[in-house]
Amino acid sequence: MTDFRYPRQLRLLTGGDFKYVFDRAVVKVPDQHLLILARPNDLGHPRIGFVISKKNIRRAVQRNRVRRIIRESFRLHQHQLPALDIIILARRGLDGLDNPDLHAMIRRCWTRAGKKARKLT
């Protein structure tokens with residue numbers, strides 16, 4: 001049975017983890033409302049981190065909603081993604097999307113990130 005948990009091993013936790021991706025992001029998936037930066041890792045599973053600033057999404061409630069929806073989508077799609085360290089960068093207007101639109105957008109972004117990463121190997 002496939003495990004859909006979201007343990008600490010699936011998260012970018014330290015500044016060094018984020019720096020590793022920011023310094024040499026190989027996979028870039030731009031979208032109108034967000035940017036995904038990713039870099040292959042040797043762990044055998046994907047990891048995710050978020051950069052959602054107050055400048056782009058003013059209210060904490062909205063930042064948390066966006067983070068929660070993307071995290072849930074990642075949890076459900078983690079077995080379809082290659083072993084990447086992924087950073088989600090929020091852009092202005094992301095908080096204006098309703099939940100179904102946000103789900104659809106992030107699903108498209110996972111597909112695009114997977115395709116780009118598979119081209120590298």
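Me: Two strands pair if DSSP finds at least two bridges between them. Which residue in β4 is the bridge partner of R39?

Reply: Bear in mind that this is a predicted model: local features need pLDDT of at least 70, side-chain atom pairs count only at pLDDT 80 or more, and totals for chains, interfaces and linings use all residues. Residues are numbered from 1 along each chain as its sequence is written, and side-chain values use heavy atoms, leaving out hydrogens and water. Strands (E, at least two residues) and helices (H or I, at least four) are DSSP runs, numbered from the N terminus. In β4, R39 has as its bridge partner D85.

Me: How many bridges join β2 to β4?

Reply: β2 covers residues 34-40 and runs antiparallel to β4. Within β4, L37 has I87 as its bridge partner, and R39 has D85. The number of bridges joining β2 and β4 is 7.

Me: And what about β3, how many bridges join it to β4?

Reply: Here the two strands run parallel, with β3 spanning residues 47-51. As one example, I48 finds its bridge partner in β4 at I86. The bridges joining β3 to β4 come to 5.

Me: Put the strands together for me: what is their order in the sheet?

Reply: It's an open sheet of 4 strands, and the pairing is mixed. The edge strands are β1 (27-30) and β3, each pairing on one side only. On average, with direction ignored, neighbouring strands are turned by 15° against each other. Reading across, the order is β1-β2-β4-β3.

Me: How many residues of β4 are buried, where buried means under 20% relative accessible area (over 50% is exposed, anything in between partly exposed; 1.4 Å probe, protein chains only)?

Reply: L84, I86, I88 and A90 point one way from β4, while D85, I87 and L89 point the other way, and all are buried. So β4 (residues 84-90) is largely enclosed by the rest of the structure. The count of its buried residues is 7 of the 7.

Me: For β3, how many residues are buried?

Reply: This is an edge strand of the sheet, pairing on one side only. Even so, β3 is largely enclosed by the rest of the structure, because its buried residues number 4 of the 5.

Me: Which strands does α2 touch when it packs on the sheet, taking contact as heavy atoms within 4.5 Å?

Reply: Look at α2, residues 60-77, lying against the sheet. The direction of α2 makes about 165° with that of β3. The strands that α2 touches are β2, β3 and β4.

Me: At what angle do α2 and α3 pack, with axes being lines fitted to C-alpha atoms (for helices over the stretch in contact) and angles running from 0 to 180 degrees between N-to-C directions?

Reply: The partner helix, α3, takes in residues 99-120. From α2 the contact uses R65, V66, I69, I70, S73, F74 and H77, and from α3 it uses N99, L102, H103, I106, R107 and W110. With their axes 10 Å apart, α2 and α3 pack at an angle of about 45°.

Me: Let's zoom in on V66: which residues does it touch, not counting those up to four places away in sequence?

Reply: V66 sits in helix α2, and it is buried at 0% relative accessibility. R8 is 58 residues from V66 in sequence, and C-alpha to C-alpha the two are 19 Å apart in space. The residues that V66 touches are I52, I57, L94 and L102.

Me: R63 is also in helix α2, so is it buried or exposed?

Reply: Leaving aside neighbours within four places in sequence, R63 is in contact with I52, S53, K54, I57 and R58. Between R63 and L94, which are 31 residues apart in sequence, the C-alpha to C-alpha spacing is 9.1 Å. With a relative accessible area of 12%, R63 is buried.

Me: Last one, A113: what distance separates its C-alpha atom from that of V27?

Reply: A113 lies in helix α3 and is buried, with a relative accessible area of 1%. Not counting residues up to four places away in sequence, A113 touches V27, V29 and L84. A113 and V27 are 86 residues apart along the chain, yet their C-alpha atoms are separated by 6.8 Å.

Conventions: A crossover is right-handed if, with the strands pointing away from the viewer, the path from the first strand over the helix to the second runs clockwise. Contact means heavy atoms within 4.5 Å.
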